[in-house]
Structure formats: structure tokens, C-alpha cells
Amino acid sequence: MKKLNIKEIKDRNSSLINQLLEVWEDSVKATHLFLSNEEIKNIKEYVPQAIFGVSHLVIIENESHQPIAFMGIEDTRLEMLFIKNSERGKGLGKQLLNYGIENYNVNELAVNEQNPNAKGFYEYIGFKTYKRTELDEQGNPYPILYMRLEK
């Protein structure tokens, strides 16, 4: 596995936000099978603000300097981690999450219970569920698992 360029983004211009939005949508359509296309479209409207508002935005670029994965961190909490579907399974999520753990002491996150691959990935890294809610943060009926890193 070749190590790609991980970099922190300070300047969040609209061109970059649009590229990350494409990564987000591609990732969500492949992994959040419980969401309808209409729900994805509705959520997509809030994603640029979330990307723009997170304290630490870290991306991985391919050889053409196109973002193929990104994560957002707030304090020690992973707020988002998305990988372009064609790039899944190549260790990018692990590279990003380890970067967050090493540089920002990331030790908490929330994941949709209906996204078993993500839950399994976080468990593989060492996160354990400590709380479950029936509804997501927007009050929709998508159970959320709150996980903490156990060293």
C-alpha cells in the first residue's frame, strides 16, 4: 500500500468543498444503503457547512492532486470520515484515522448502526460502543452508535 499525500486544509475554498462533496456523495451512496436518494439529496445540502465548520479538515489526494478521502475533527472527536467508493479497502481510512489519533488524540466518534462496514472498521481500530440512540442528531430513525477508543 503506497502512502498517499495526507494534508491538512486551512483554505477551504468552494472548489475544494465541491470536490469533497463529490467524495462524500460517492461514499454515502455506497455505504449508507438505508438512505433513499431523496434523503441523501437533503443531507447533501448541509455537508458543505459541516466541512467548512469543522476545526481540522484532513484530506488524502491521489497522484492527480484530487481528494479521494477526507475526515473532519472537532476537539478529540471524529466528526466525519468519507472515502471515495473506488478507493475503499485500500487502507485510506486507517491512514486518516491513525493520523487523527496521533495528531489530535481522536478518541470518540458516532456512526450509523445501519452502516455495519464502518462500525466494523472502527471496532478493528479499537473503538468500542458506549452508547446507542434510536434517532440520529436530526431526529431521524437511524440508530447511532457512540464509540470511544479503548487503548
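Helices α1 and α2 run roughly antiparallel to each other in this predicted model. That label follows from the angle between them, about 150°, because anything over 145 degrees counts as roughly antiparallel. Besides this helix pair, there are two separate nonpolar cores to look at.

**How α1 and α2 pack**
- Helix α1 covers residues 14-31 and helix α2 covers residues 37-44, and their axes sit 11 Å apart.
- If you're wondering about the handedness, α1 passes α2 in a right-handed crossing.
- On the α1 side, the residues that meet α2 are L21, W24, E25, V28 and K29.
- Their partners in α2 are N37, I40, I43 and K44.
- Sort the residues of this contact by type and you get 5 nonpolar, 1 polar and 3 charged.

**The largest nonpolar core**
- This core has 26 residues, and the ones touching the most other members are I60, L78, L81, L97, V106, Y122 and F127.
- Strands and helices both chip in: β2 (56-61), β3 (67-74), β4 (77-83), α4 (92-104), β5 (108-112), α5 (116-125) and β7 (144-149) each give two or more residues.
- The top contributor is α4, with 5 residues.

**A closer look at I60**
- Leaving out residues up to four places away in sequence, I60 touches L4, N5 and I6, plus Q66, P67, I68 and A69.
- I60 also touches L92, Q95 and L96.

**The second core**
- A separate core holds 20 residues, among them I9, F34, V47 and I51.

Notes: Residues numbered from 1 in each chain as written. Predicted model: local features only at pLDDT ≥ 70, side-chain atom pairs only at ≥ 80, totals over all residues. Heavy atoms only, no water. Core = buried A, V, L, I, M, F, W, Y, C linked by side-chain atoms within 4.5 Å. Buried < 20%, exposed > 50% of the residue type's maximum accessible area, 1.4 Å probe, protein only. Helix = DSSP H or I, 4+ residues; strand = E, 2+ residues; numbered from the N terminus. Contact = heavy atoms within 4.5 Å. Axes fitted to C-alpha atoms, helices over the stretch in contact; angles between N-to-C directions. Parallel < 35°, antiparallel > 145°, perpendicular 65-115°, else oblique. Left-handed = near helix turned anticlockwise from the far one by under 90°. Nonpolar A, V, L, I, M, F, W, Y, C, P; charged D, E, K, R; others polar.
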